[in-house]
Amino acid sequence: MGKIEVRNLYKIFGNKRQKALEMLKNGYTKQEVLKKNNSTVGVDDASFEVEDGEIFVIMGLSGSGKSTLIRCVNRLIEPTAGSIKVDGQEVLGFDKKELREFREKEFGMVFQNFALLPHRTVLENAMFGLEIQKVEKQQRIKRSKEALNAVGLDGWEDQYPEQLSGGMQQRVGLARALAVDPEILLMDEPFSALDPLIKKEMQSKLLDLYEEMERTILFITHDLDEALKLGDRIAIMKEGKIIQIGDHEEILTEATNDYVENFVEDVNRSRVLTAKDIMTKAIALLYPQDGPRTALHKMKKNNLNSLFVVNKDKKYRGIVYIEDVVDVINNDELEFEDIIKNITKADPEDNLRKLFADIADLNVPLPVTDEDDKLLGIIVKTNVLANLASEGKFDQ
Amino acid sequence: MIKVNNVLQLISTKIPIGNWVEVLVNFLINNFSGPLEGFAGIIEWMVNNFEALLSYFHPLVFILIFAILAWRLKNYKLSIFVALGLGLVFNLQMWDPLLTTLASIITSVVVALIIGIPIGIIKAHSITVDLITRPILDFMQTIPPFVYLIPALMFFGLGTVSGVIATVVFAIAPPIRLTYLGIQQVDDELKEAGHAFGANWWEILMKIELPGAMPSIMMGINQCIMLSLSMVVIAAMIGAGGLGKPVLRSLNVVDIGLGFEAGLGVVIIAMVLDRMFGRE
Ligand SMILES: Nc1ncnc2c1ncn2[C@@H]1O[C@H](COP(=O)(O)OP(=O)(O)O)[C@@H](O)[C@H]1O
Ligand SMILES: [Mg+2]
């Protein structure tokens, strides 16, 4: 049994909903229903299951019904027909009071435009859900502070939302949702309003939090990159219908129709494969205590003309070339420290095109380092080229 | 020809609107005298108590309090103006009418807000109420304030209570309108967030809508005060006490000196309240 089970869900906006429903069931399209019946189809016969503890992503272009669908799950929007079960309970069967209680304990929601209360401080915003749950004040403050801490907003408690950047505002939104300790996180394009760099950061943050806390997440996006990065499984929506559900591989390789194919087309493998996928372990490394003679020995033994230097904790220092090592050995005036050179580094998330650009005029491998500057691996030119070639679509 | 004559006769026969209204008013007075008197009693009680409260202080202490308030709310220049202006009213021996006027204004504003803000809230949530109140508000804001005097007089007779009620009717539109507007302007996503976390309608109202509408509501309160002020002299026509009374009397007996002094008192209190509670 899935955590969330949606069966044959319909949502139609307008006055002649039953008529429209009939038309949809008889195979009319969204446009036809709009033209003939003057009703807008929000969701058209959606069925899917979200497993406990997975990140389920719903992806589609703007207007495809994603927001409507996610709002049907906690009945912010009342579905026209169908069934929604959470933990086996029929959500559509709840009366108003039961529904409120259910929303309180089951869901945390994060919104595209943050939806923070402008007259409340960061802490007061994070407390909102707990306030509704009538949690006692001390406890409320404690739990919201923990949530703010989890999203990395220590020390910002007393600021007002407008004083914060977009990324930080959405952290508050996330903290508000986490503070109530929900079983399910509903996220409607939470990162779409953020600029690309902040967006990446927030995606990583979400994954970190996800690993720590084991929650079910229903995530909406219109961005395939984001869907692939976050989703355990992905559903693709078009004109209110779910037209494909699958994991990464299935979505990318078994595109079931033109629509999905078009979606996937510009996200071909050269954008999906990243540095961390194709990097290899360095055969040999130099450590600070190693002198020039050790370096020369390691190079000769491994048949290399350069070596990367790292600290004891694998922090990346630079690269040394064989001719410089020979120089140091022959010249007492030179220090080993002086010949450690800097070259371009790659981020584990860099895609093949970027790597290709970086490595094109490099005669040595490209080091891959994380944000702590730890050396994760190296990339050799042939590796990049091989992957690009196998893709076959790298013609731009 | 006969037909034309008939039509002409029909058109020229006066429609007895006056009679109808009279019947209606009599009906209301006969059947609702209890509630009407109760309402009048509450208003009278409020005016008297506000007046008693205001005259509790010696005029000079009162002036000092107002000056300090003006300094706190705005700046020291205003506090000097307030002190000089109110001092002048005191010197002209208009202090008692001034307090009566102030008490009437405060009562009118309080009553207008107590009734107006909830109506504004309901209007924002009910399309029916919105549709019903819209033409009424338009109507109320277009007709000249003198017109309010007539029904007030009919229901409540001559006196301060009638003056306050005419003032309330005249000044109630902005708090209704701006409360409604303020709540309408609250972002739907905010209300959605409230619902998503399980808030009920009361929590949505108190924690999301009203705080969000606050700037707009404050503007409504401000306009309500200003409109109440503008009714001071007009309300005196149906027997309201205060600064309006000597102004009217001087008009009747063509007493230029008295008229000017009382008029000055009205102008001063209007400027003081406007500068202190008005927006820049
Ligand atoms: N309240 C509403 N009234 C009428 N139509 C709506 C309403 N909300 C959404 N729609 C329509 O439903 C469709 C799906 O919208 P939405 O769920 O917001 O799409 P998405 O989130 O994927 O961009 C659109 O055609 C939209 O115009
Ligand atoms: Mg949307």
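In this predicted model, B:Leu36 is in contact with B:Leu28, B:Ile29, B:Phe155 and B:Phe156, once its neighbours within four places in sequence are left aside. B:Leu36 belongs to helix 3 of chain B, which spans residues 33-55. B:Leu36 and B:Phe156 are separated by 120 residues in sequence, yet their C-alpha atoms lie 7.9 Å apart in space. With a relative accessible area of 21%, B:Leu36 is partly exposed, because the class of buried residues is restricted to values under 20%.

**Chain B as a whole**

- The secondary structure of chain B consists of 15 helices and 0 strands.
- Along the principal axes, the C-alpha atoms of chain B fill a box of roughly 75 × 65 × 35 Å.
- Of the 280 residues in chain B, 44% are buried.
- Among contacts in chain B with a separation of 6 or more, 76% are accounted for by residues 24 or more positions apart.
- About 15500 Å² of chain B is exposed, and carbon and sulfur atoms supply 70% of this area.

**Chain A as a whole**

- Chain A contains 18 helices and 15 strands.
- The box filled by the C-alpha atoms of chain A, taken along the principal axes, is roughly 90 × 55 × 35 Å.
- Buried residues account for 51% of the 396 residues in chain A.
- Of the contacts in chain A between residues at least 6 apart in sequence, 63% join residues at least 24 apart.
- Chain A has an accessible surface of about 19100 Å², with 46% of it belonging to carbon and sulfur atoms.

**Surroundings of ligand 1**

- Ligand 1 is surrounded by residues of chain A, namely A:Phe13, A:Lys30, A:Thr40, A:Gly42, A:Leu61, A:Ser62, A:Gly63, A:Ser64, A:Gly65, A:Lys66, A:Ser67 and A:Thr68.
- This shell divides into 2 nonpolar, 8 polar and 2 charged residues.
- Backbone atoms take part in the polar contacts of the ligand: an oxygen atom of ligand 1 is 2.6 Å from a polar backbone atom of A:Gly63, and an oxygen atom of ligand 1 is 3.2 Å from a polar backbone atom of A:Ser64.
- A side chain is also involved, with an N or O atom of the A:Lys66 side chain 2.9 Å from an oxygen atom of ligand 1.
- On its own, ligand 1 has 560 Å² of accessible area, of which the protein covers 60%.
- Two or more residues of the shell come from each of strand 2 (40-50) and helix 3 (66-73) of chain A.
- Helix 3 of chain A provides the largest share of the shell, with 3 residues.

**Nonpolar cores**

- The largest nonpolar core comprises 87 residues, and those with the most contacts inside it are A:Phe48, A:Ile58, A:Leu69, A:Leu218 and A:Phe219.
- Helix 8 of chain A, residues 166-179, gives the most to this core, contributing 7 residues.
- Apart from its neighbours within four places in sequence, A:Phe48 contacts A:Ile4, A:Glu5, A:Val6, A:Arg7, A:Phe56, A:Ile58, A:Leu69, A:Leu218, A:Ile242 and A:Ile245.
- A second, separate core has 57 residues, including B:Phe62, B:Leu98, B:Ile176 and B:Ala262.
- In soluble globular proteins, nonpolar side chains tend to be buried together.

**Residues with positive phi**

- Most residues other than glycine have a negative phi.
- A:Glu189, although not a glycine, has a positive phi of about 45 degrees.
- A:Glu189 is located in the loop between strand 7 (184-188) and helix 9 (196-213) of chain A.
- The relative accessible area of A:Glu189 is 6%, and this residue is therefore buried.
- B:Gln93 is likewise not a glycine and has a positive phi of about 60 degrees.
- The loop between helix 5 (76-91) and helix 6 (95-125) of chain B holds B:Gln93.
- B:Gln93 is exposed, with a relative accessible area of 70%, whereas A:Glu189 is buried.

Technical notes
Residues are numbered from 1 along each chain as its sequence is written. Chains are lettered from A and ligands numbered from 1 in the order in which they are written. This is a predicted model: local features need pLDDT of at least 70, side-chain atom pairs count only at pLDDT 80 or more; totals for chains, interfaces and linings use all residues. Side-chain values use heavy atoms; hydrogens and water are left out. A residue is near a molecule or strand if one of its heavy atoms lies within 4 Å of it. A polar contact is a pair of N or O atoms within 3.5 Å; within protein, one must be able to donate a hydrogen and the other to accept it, and residues adjacent in sequence count only if both atoms are side-chain atoms. Accessible areas come from the Shrake-Rupley method with a 1.4 Å probe; for residues, only the protein chains shown count as cover. Helices (H or I, at least four residues) and strands (E, at least two) are DSSP runs, numbered from the N terminus. Ala, Val, Leu, Ile, Met, Phe, Trp, Tyr, Cys and Pro count as nonpolar, Asp, Glu, Lys and Arg as charged, and the others, Gly among them, as polar. A nonpolar core is a set of buried Ala, Val, Leu, Ile, Met, Phe, Trp, Tyr and Cys residues joined through side-chain atoms within 4.5 Å. Buried means under 20% relative accessible area, exposed over 50%, partly exposed in between (1.4 Å probe, protein chains only). Contact means heavy atoms within 4.5 Å.
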